[in-house]
Amino acid sequence: MEAFYTIQGEGGNTGTAAYFIRLGGCDVGCHWCDVKESWDAELHPLTPINEIVETAKTFPGKTVVVTGGEPLLYNLHPLTAGLQDAGIRTMIETSGAYPLSGHWDWVCLSPKKFKAPDASVYPFADELKVIIFNKSDFAWAEEHAARVGATCKLYLQPEWSKAGQLMPLIVEYVKNNPQWRVSLQTHKYMDIP
Ligand SMILES: C[S@@+](CC[C@H](N)C(=O)[O-])C[C@H]1O[C@@H](n2cnc3c(N)ncnc32)[C@H](O)[C@@H]1O
Ligand SMILES: Nc1nc2[nH]cc(C(=O)O)c2c(=O)[nH]1
Ligand code: SF4
Ligand SMILES: [Mg+2]
């Protein structure tokens, strides 16, 4: 759908330069999704993998973040093989709604109520990033935290349009449950893509 070299704004790699590749197509249907224009894959022409890899090689930051849309709608093995052959670190942002494909240096799993993660994805998560939209989402976050591996980092991220209201709740929750960390969509404050 689009690709852009920017700063990772969210989660455990916040603040680091990366080339983002946003794949079109998602059937999860989060009502608060901040990139609904990605949902219909047919609106977005395909780009050959070798072109993606060649462009990724031109940036000083040798990290690619594959996002979407829901990237796991596709077999991502050919893309990650091409990127890793070129010495580029591979990271993915996914709802986990479909089994993992490809080889990843970092997996961000962001589970959704609207289409639960496939059970096979949890062990691969390097970070679990739960979007908090209302109070009941803290208990829901714990259900997913119980399913990831022991070294997986745990993040609570406010839904953007409700961040003002939710921040005090998230702050108190993390103070009382310090295994969790706060994640903010810092790129939106920086006014970058
Ligand atoms: C647009 S999604 C694309 C990747 C994948 N479909 C997913 O949901 O993980 C990228 C990240 O943005 C988060 N996100 C989307 N809309 C958001 C919103 N309104 N507020 C906060 N985070 C949001 C998602 O939870 C996910 O972690
Ligand atoms: N800067 C920046 N960081 C991000 N981290 C995850 C994003 C995404 O949409 O997947 C994203 C994004 O769209 N921009
Ligand atoms: S899974 Fe990701 S891309 Fe799909 S609707 Fe939800 S936030 Fe948007
Ligand atoms: Mg985004």
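For sorting residues by character, Ala, Val, Leu, Ile, Met, Phe, Trp, Tyr, Cys and Pro count as nonpolar, Asp, Glu, Lys and Arg as charged, and the others, Gly among them, as polar. With that in hand, the shell around ligand 1 in this predicted model splits into 6 nonpolar, 7 polar and 5 charged residues. The shell holds 18 residues, and those that come nearest to ligand 1 are Asp-34, Glu-93, Ser-95, Ser-110 and Trp-160. As for where the shell comes from, β3, β4 and β6 (127-132) are the elements that give it two or more residues each.

Two of those elements, β3 and β4, turn out to be partners. Strand β3 (residues 63-68) runs parallel to β4, and 4 bridges join the pair. One spot to look at is Thr-63, which stands opposite Arg-89 in β4. Getting from one strand to the other involves a helix: β3, helix α2 (residues 77-85) and β4 together make a right-handed β-α-β unit.

Strand β4 has another partner as well. It is joined by 4 bridges to strand β5 (residues 106-109), again in a parallel arrangement. Here Met-91 has Trp-106 of β5 as its bridge partner. As for burial, strand β4 (residues 89-94) has 5 of its 6 residues buried, so it is largely enclosed by the rest of the structure.

Then there are the annotated positions. The unreviewed UniProt entry places a "binding site" feature at Ile-7, Gln-8, Gly-9, Arg-22, Thr-67 and Pro-193. Two of these can be followed in some detail, starting with Ile-7, which belongs to strand β1 (residues 2-7). Counting around Ile-7 gives 17 other C-beta atoms within 10 Å. A buried residue needs 20 or more and an exposed one has 12 or fewer, so Ile-7 is partly exposed. Setting aside residues up to four places away in sequence, Ile-7 touches Gly-15, Thr-16 and Ala-17, and also His-187, Met-190 and Ile-192.

Arg-22, in strand β2 (residues 17-23), has 20 other C-beta atoms within 10 Å and is therefore buried. Its contacts, again leaving out neighbours within four places in sequence, include Met-1, Glu-2 and Ala-3 at the start of the numbering, along with Ser-38. Arg-22 is also in contact with Thr-67, Gly-68 and Gly-69. Thr-67 is itself one of the positions in the UniProt "binding site" feature, which makes the Arg-22 to Thr-67 contact a handy place to begin looking.

Note on methods. Residues numbered from 1 in each chain as written. Chains lettered and ligands numbered in written order. Predicted model: local features only at pLDDT ≥ 70, side-chain atom pairs only at ≥ 80, totals over all residues. UniProt positions renumbered as here; feature names shortened; annotations may be inferred. Contact = placed C-beta atoms within 7 Å. Pairing = 2+ DSSP bridges. Right-handed = clockwise from strand over helix to strand, strands pointing away. Near = placed C-beta within 6 Å.
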